[in-house]
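Here's a set of exercises to work through with the model open on your screen. Try each task before you read its solution.

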Amino acid sequence: MAAEPGEQSPFINEPLLVPDFDQQYQNRQLNRRSSSNITSQVAIIGANVCSIESLDYEIAENEFLKQDWRSRDRTHIFQYIFMKWSFCFLVGIIGGLIGFFNNLSIENIAGIKFVITSNMMLAKKYGWAFGVFAVSNFVLTLFSSAITAYIAPAAAGSGIPEVKAYLNGVDAPEIFALRTLIVNIIGSIGAVSASLIVGKAGPMVHTGACVAALLGQGGSKRYGLTWRWLRYFKNDRDRRDLVTCGSAAGIAAAFRAPVGGVLFAVEELSSWWKSALLWRTFFTTAIVAVVLQAFIGLCNSGKCGLFGKGGLIMFDATTGSITYYLSDLPPVIALGLIGGILGSFYNFLLVKVLRVYNLIYEKGIAYKLILACSISVFTSCCLFGLPWLAPCRPCPIEASETCPTIGRSGNFKKFQCPPGHYNDLASLFFNTNDDTIRNLFSTGMDNEFLPLSLLLFFFTSYFLGILSYGIVAPSGLFVPVMLIGATYGRFVGFLMASHTNLSHGLYAVLGSASFLGGTMRNTVSMCVILLELTNNLLLLPLIMLVLLISKTVADSFNGNIYDLIVKLKGLPYLEAHAEPYMRQLTVSDVIMGPLQFFNGIEKVGNIVHVLKTTGHHGFPVIDDAPLSDSSMLFGLILRAHLLLLLKKKDFSSTRLVMGMNAIRQFQADDFAKPGSGRGDKIEDIEVTAEEMEMFIDLHPFTNTSPYTVVEAMSLAKALLLFREVGLRHLLVVPKSSSRAPVVGILTRHDYMPEHVLGLHPSLRSSRWKSLDFRHFYFCKLFRAS
């Protein structure tokens, strides 16, 4: 619960452990009542700063809800289960169709651009070729950035940090809106087709989550979609589960990796998991795989234009047999070490660049577009200009495909070379990212690329990937990271050519694994995704080894890239573990005030005044005489329910207990949480002066069993309870029955380090001493924020 503005608490330098807690409590709390929660209530969502709120996964067990539950029979239970699986089926179908459409569009748009440019190169019109290439990329980038900046800023970036925060309990406006979904699809196609070093996996995860959230809104009164069956999904808990399925479907659609999609949702995105959700998520990704396989068969028949060499087709790195010995392990271990160091440095530089971009974005939309277009022009110059530095090489006699390739995907790009020759650097730069990865993974030709070409491409893609991610357009990190890792992996394979049994292409696969482990720090999901992509199960032991080493090394320097971005955006993400200094504090040490509460039968004017003067979303309900012998906590009532009571004008002229008579004019749908549209606001509700003097019986609408903790509980223990249960409000009650029945309310922001250490700065020194090197570096990185 965000407290009212005030000054810093004067008692924060006092010792935390006092001999008599009860005697010290009141003096400390009186001083604290004037304090304010210094944790920000806003965060960067996409490319804009927005206000954020917490989600509430707790079921409000009030009398009205209990009455509604009693009215349900086995038919309603069947409907509820049927709708869950039906929505998962629809998410899988729609996710598969969007994934196919994205790949089809990218391959054809980028393919047409490369065909036109290559034809001009054949005619030796090099200036015109560069002009067409650069202008095409410029227009595509400007279009993607403009629709994102003006229509749906929440679609900018990867989207994975926002989805991860949502599944942790953080809600923000527009992250799953219909226009965000549309801009995510179109903008991602434009950005990837513009030859920027960005990926499509992150936007696909966001897209899948948007589809799931829109389906899970439970109908819309605005469009007349209020079917009784849909009302079961009008709560945060069911929507959370469906969004989890949608995010897994996004990974499955991006890489045709259904099992990897499930594991990615488990390992990286979801904060809560259960076996029933695992089944539904697996079902969703299986549907995606079936849809994609059906369309791949269609495209293999030549009915998809230029589509077919990238995206949905696996990066087949299969060989007849792979034999490796102990002598092959040292270079594989070296790859893991390199991946950990380069990955952590990549994360470090990316955060620094994003900080600079945020300063630029504060100046307005025009600066966002100028930055995106500048990066597009610079990228076009690099992609078209650097291949001129590479020598032309004669086509290998044993090549399994046409050499050179002109205007289409392939390993041997002609570029400016004479007939019978190819430019190996153009084969890397002058392709879509998917096709370049395929070229690096190819196992047929070990001498296809020169080592200097690989080094030049590595450094260029490494820094272009960092610069391109932060533009105001949908852009992912997964494909660029795979691309960079495959490049230095193939280079290591070249260095070890005479000392290993593994081909250069297999080293490229291991390089991708090492860089994925060094940046994203996921092991199980990354391993399975790579195996599904390459169709090579024999590499499993080596990929596991590389991932474990790279993750371990990188964890010594900083956190995974998505956690760093979540922190940078200011999203109040609750970690699965408590900081060591939290064990030195009790929940009463971080309570902010003043506490706002209502009586069981409250005056309308008091409710209106509190709702207008505070932004709190939960209020304790306390019964006094004559309703109770002594002051006692009755429960917790939500702001949304109070607004509904005021809107329905369920008032009485006298202070009477209405009981069940008060709920007759209400239906269960009335208390269901609205979808992406705006909910009721106190400013929109008109209450007359006469009604201000009337009363409302809050008892039937109050959650009579909210989660509570005693004031002496450690903050670390309370954090674990808060996160595991998925709470929005946690009531703190006193140890002594002689005091007020409620001490305060804890919300998500009360656990944030900025808030806790702001109240207790003396803990900063103990925090540094108690943390290992990884945590030290992580905190130092964000100290400026």
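**Exercise 1.** In this predicted model, work out the strand order of the open sheet that contains β7, β9 and β10, and find its edges.

*Solution.* Start with the order: the three strands run β7-β9-β10, and the pairing is mixed. Next, look for strands with a single partner. Those are β7 (598-599) and β10 (632-638), so each has one side left without a neighbour in the sheet. Now see what lies against the sheet: helix α22 (residues 639-648) packs on it and touches β7, β9 and β10. The direction of α22 makes about 80° with that of β10. Finally, zoom in on one pair. β7 and β9 (residues 618-623) are parallel, joined over 2 bridges, and F598 has V621 of β9 as its bridge partner.

**Exercise 2.** Do the same for the open sheet built from β12, β13 and β14.

*Solution.* Here the order reads β12-β13-β14, again with mixed pairing. The edges are β12 (708-710) and β14 (744-746), each of which pairs on one side only. For the twist, ignore direction: neighbouring strands in this sheet are turned by 35° against each other on average. As for β12 and β13 (residues 730-733), they pair in the parallel sense over 3 bridges. To spot the register, go to T708, which stands opposite L731 of β13.

**Exercise 3.** Check the length of helix α12 (residues 365-385) against what its residue count predicts, then find what covers its buried residues.

*Solution.* Count first: α12 has 21 residues, and at 1.5 Å a residue they should span 30 Å. The end C-alpha atoms are 30 Å apart, so the two agree. Then pick out the buried positions, which include L369, L371, I375, T379, L383 and F384. The cover over the buried residues of α12 includes β2 (48-51), α3 (74-122), α4 (126-150), α11 (329-361), α13 (424-429) and α15 (451-469).

Since α15 turns up in that list, run the length check there too. With 19 residues, α15 reaches 27 Å from first C-alpha to last, close to the 27 Å expected. Its own buried residues include aromatics such as F457, F458, Y462 and Y469.

**Exercise 4.** Which residues have the most contacts inside the largest nonpolar core?

*Solution.* That core has 144 residues, and the two to look for are F255 and I543. Take F255: leaving out residues up to four places away in sequence, it touches A201, F478, V479, M482, I529 and L533. Don't stop there, though: a second, separate core of 27 residues includes L574, Y581, A716 and A718.

**Exercise 5.** At what angle do helices α17 (residues 504-519) and α19 (residues 540-555) cross, and with which hand?

*Solution.* The axes come within 7 Å and cross at roughly 35°. Looking at the hand, the crossing of α17 and α19 is right-handed. On the α17 side, the contact is made by V509, L510, A513, S514, G517 and G518. On the α19 side, L542, I543, V546, L547, S550, K551 and A554 take part.

**Exercise 6.** Is H206 buried or exposed?

*Solution.* Place it first: H206 lies in helix α7 (residues 201-215). Its relative accessibility is 0%, so H206 counts as buried. Then list what H206 touches, not counting residues up to four places away in sequence: A154, A155, S158, G159, V163, I175, F176, T180 and N184.

Key:
Residues numbered from 1 in each chain as written. Predicted model: local features only at pLDDT ≥ 70, side-chain atom pairs only at ≥ 80, totals over all residues. Heavy atoms only, no water. Pairing = 2+ DSSP bridges. Helix = DSSP H or I, 4+ residues; strand = E, 2+ residues; numbered from the N terminus. Contact = heavy atoms within 4.5 Å. Axes fitted to C-alpha atoms, helices over the stretch in contact; angles between N-to-C directions. Expected span 1.5 Å × (residues − 1). Buried < 20%, exposed > 50% of the residue type's maximum accessible area, 1.4 Å probe, protein only. Core = buried A, V, L, I, M, F, W, Y, C linked by side-chain atoms within 4.5 Å. Left-handed = near helix turned anticlockwise from the far one by under 90°.
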